[in-house]
2 protein chains.
Amino acid sequence: MADIKDVARQAGVSISTVSRVINGSKAVSDELKMRVESAINELGYRANSVAQGLKASKTNKIAIIITSVSRTFFTSVIEGANEVAERLGYSLLIAETHDKLDREIELIESFVSQWVDGIILASSAYAHDARTLQYIQRLESLEKKGRRIPVITLEYAMDSRYIDAVVIDYEKAAYDATSYLLKLGRRKIAHISLPKNHRIGRMRIAGFERAHEEFGVPYDPSHIIAGDYTTYSGYQVARNLIEEKHDIDAIFCANDQMAVGAIKACEELEVPVPEQIAIVGNDDIFAASIVSPSLTSISVPKYEMGAAAMRRMHEILQEDAAKHLRQIITLSTAFEERESTLKTAKHSLKYLEW
Amino acid sequence: MADIKDVARQAGVSISTVSRVINGSKAVSDELKMRVESAINELGYRANSVAQGLKASKTNKIAIIITSVSRTFFTSVIEGANEVAERLGYSLLIAETHDKLDREIELIESFVSQWVDGIILASSAYAHDARTLQYIQRLESLEKKGRRIPVITLEYAMDSRYIDAVVIDYEKAAYDATSYLLKLGRRKIAHISLPKNHRIGRMRIAGFERAHEEFGVPYDPSHIIAGDYTTYSGYQVARNLIEEKHDIDAIFCANDQMAVGAIKACEELEVPVPEQIAIVGNDDIFAASIVSPSLTSISVPKYEMGAAAMRRMHEILQEDAAKHLRQIITLSTAFEERESTLKTAKHSLKYLEW
DNA sequence: TTGAAAGCGGTACCAG
DNA sequence: CTGGTACCGCTTTCAA
């Protein structure tokens with residue numbers, strides 16, 4: 001590839017002049033400008049962004065760290081982030097933690113040494129132990145050349161005064177879903193939750209409880225059972241609930257994967273959905289509209305989550321680092337009613353992309 | 001962040017010495033080595049890979065260009081590529097074309113100027129026009145500092161003597177699927193194909209035809225109908241076939257999305273699957289095991305496709321560029337028999353990840 | 001308006 | 001075994 005030297009030689013001008021033309025500085029005579037431009041075209045020159053990066057300490061690369069690209073939830077998040085990134089001129093570096101904190105920490109350090117401009121992070125650091133606290137402190141102090149490398153977390157906000165986040169009002173979403181079931185007349189609602197002590201899981205449980213309280217309906221705490229995200233765990237938990245003859249008429253699941261598992265369990269045990277047991281999922285990933293019966297779900301704006309994170313990242317990168325004010329962007333959810341709670345619900349395949 | 005100068009100062013040695021210690025050159029006294037190492041630890045120094053990249057003309061970044069991350073097919077491909085990339089020390093840059101050739105071309109140029117070490121490309125350049133030929137020539141000649149930037153295409157091989165590829169034996173896969181249906185006794189098989197003139201689509205049609213010939217079963221060419229990848233198109237085509245009372249007893253679809261659409265059409269029109277119409281998909285994305293009836297599908301090794309591309313990329317980057325020999329890696333498919341062709345087929349949710 | 005030169009953070013060569 | 005120095009490609013300051 002031609003470099004700026006070649007262009008300068010070809011045009012018979014100095015490197016500085018070429019640089020001026022490229023960066024649109026006014027102070028170049030039309031004569032030279034023309035010569036430089038045609039040299040650029042002839043040689044197909046394009047500035048090397050590695051060198052630019054080194055010079056400017058700015059790479060125009062944003063890293064996005066998620067647990068796994070095959071979690072379709074993140075797929076939409078990435079899509080949103082990428083869309084905005086492209087428009088703003090950033091490239092996206094992607095990496096997966098597979099829910100391993102060690103890996104996550106190593107990735108962070110690697111991206112710092114790559115001088116990414118910012119990091120969008122779906123963290124696996126849920127605990128409250130010393131290691132996690134130390135890690136968060138580290139995240140707060142990432143920098144290149146004295147300038148902070150901003151981190152924006154997805155899904156939940158860290159205990160930090162610096163780290164921005166794009167989150168969902170989980171409590172309200174769970175409240176809405178539960179209220180909906182109660183309004184349908186369901187009185188014995190089970191909840192397949194996230195693993196114990198998961199922050200987001202706890203918020204969902206809080207919403208679940210609040211709805212019951214407000215409706216004056218008691219619930220059985222033993223019907224809040226932890227799953228592990230997977231379809232199979234939803235299947236197992238639902239199957240146990242039914243086989244052990246627990247008296248339930250609805251299941252609210254903390255994600256769609258587990259809800260699909262629950263539907264499969266009902267299908268196998270010939271429990272009619274929604275007649276005997278209504279099922280509500282969470283996230284509204286595309287699979288929700290594909291299963292039979294189609295799955296009623298809390299619709300999380302996944303695409304928007306990625307897009308918002310990237311927009312915010314750009315904002316932060318523009319602003320004066322010294323006066324950074326942490327911002328937590330809370331997105332709200334919608335509710336998609338489908339056949340798993342309402343036999344006659346209709347939905348369209350028309351705009352389904354996957 | 002500390003740079004190598006800081007480390008040198010802190011350790012009281014020259015920059016060269018620090019560099020030697022880092023890169024494990026033997027010629028350093030234990031004394032100095034120790035001092036440098038503790039300086040590195042104290043300062044938390046890690047080499048800036050932008051500077052390294054500039055110096056070495058090697059960024060350890062591989063770009064992967066796909067149509068869209070939300071196509072779950074690519075999701076698995078990325079996962080495979082990323083897994084291998086991490087092990088080999090590369091970072092993955094990701095970009096989407098949304099099937100626009102203009103965008104694809106621009107992305108290529110952008111990545112060249114970013115000095116990526118290689119590009120893995122799921123191209124949208126299917127046509128045979130002058131523009132495409134010119135584009136392929138450009139792909140063959142990407143370089144940084146005189147060294148070629150290798151391109152490896154996914155899914156199909158370009159008309160090129162240089163560009164490696166990881167592909168599937170589409171003809172055989174379609175042949176297998178069709179033979180399977182014929183063996184089941186189906187005699188009136190429809191095929192919902194990819195858009196007209198799509199190379200891969202044509203190979204599938206060839207396999208479909210060969211199976212019929214070998215079995216001595218005639219087929220109705222009007223039952224090969226192009227879809228457009230989407231669930232909705234599969235739904236529409238299947239619905240038309242049934243409503244217009246075409247006499248068919250099986251549908252082989254060029255992807256799973258369209259197959260799911262076909263299943264939905266049958267469901268709506270109360271045509272029993274597989275009793276009256278058997279349905280076979282293609283790709284075996286996870287949705288195939290979620291729909292009801294679950295979908296029999298040609299299982300494409302998506303993960304392996306990404307992994308193989310990345311391994312090959314690494315090979316090429318190691319070898320002497322002058323003696324590069326183009327290699328086309330053909331992966332073979334498996335066949336997943338499920339309920340859409342065999343009522344009693346069983347499958348497990350246990351290892352399903354999405 | 002133009003060119004020369006310094007410097008971004010490393011690596012590697014050469015001299016001592 | 002160690003340090004000085006040139007250079008990777010670009011931007012920017014300074015001097016002319």
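Student: In which sense does α8(B) pass α9(B), left-handed or right-handed?

Tutor: The crossing is right-handed: the near helix is turned clockwise from the far one by less than a right angle, whereas an anticlockwise turn would make a crossing left-handed. Please keep in mind that this is a predicted model, in which local features need pLDDT of at least 70 and side-chain atom pairs count only at pLDDT 80 or more, while totals for chains, interfaces and linings use all residues. Residues are numbered from 1 along each chain as its sequence is written, and chains are lettered from A and ligands numbered from 1 in the order in which they are written.

Student: What angle do helix α8 and helix α9 of chain B make, and why is that called oblique?

Tutor: Helix α8 (residues 170-183) and helix α9 (residues 199-215) of chain B pack at about 40°, their axes 7 Å apart. Axes are lines fitted to C-alpha atoms, for helices over the stretch in contact, and angles between N-to-C directions run from 0 to 180 degrees. Under 35 degrees counts as roughly parallel, over 145 as roughly antiparallel, 65 to 115 as roughly perpendicular and the rest as oblique. The value of about 40° therefore makes α8(B) oblique to α9(B). Residues making the contact include B:Y175 and B:L182 of α8(B), and B:M203 and B:F208 of α9(B); contact means C-beta atoms, placed from the backbone, within 7 Å.

Student: What makes α1(A) roughly perpendicular to α2(A)?

Tutor: The axes of α1 (residues 4-11) and α2 (residues 15-22) of chain A come within 8 Å and cross at roughly 105°. That angle makes α1(A) roughly perpendicular to α2(A). Among the residues in this contact are A:V7 and A:A8 of α1(A), with A:I15 and A:V18 of α2(A). The contact has six nonpolar, one polar and one charged residues. (Ala, Val, Leu, Ile, Met, Phe, Trp, Tyr, Cys and Pro count as nonpolar, Asp, Glu, Lys and Arg as charged, and the others, Gly among them, as polar.)

Student: What relation between the two chains does the superposition show?

Tutor: A rotation of 180° with 0.0 Å of shift along its axis superposes chain A on chain B, with an RMSD of 0.1 Å. That is the relation of a two-fold axis. (The fit is by least squares on C-alpha atoms of residues with pLDDT of at least 70 in both copies.) The same surface serves both copies, as 100% of the contact residues of chain A recur in chain B.

Student: How many residues of each chain are in contact?

Tutor: There are 48 residues of chain A in contact with 48 residues of chain B. α5(A) gives the largest share of the side of chain A that touches chain B, six residues.

Student: How do you know that β2(A) and β2(B) pair?

Tutor: Two strands pair if DSSP finds at least two bridges between them, and β2(A) and β2(B) have three, in the antiparallel sense. One of the bridge partnerships joins A:L92 to B:I94. Helices (H or I, at least four residues) and strands (E, at least two) are DSSP runs, numbered from the N terminus.

Student: What makes β13(A) and β13(B) edge strands?

Tutor: Twelve strands form an open sheet of mixed pairing, and β13 of chain A and β13 of chain B each pair on one side only. β13(A) pairs with β7(A) in the parallel sense over four bridges, and A:I329 is the bridge partner of A:V166.

How values were computed
Two residues are in contact if their C-beta atoms, placed from the backbone, lie within 7 Å.
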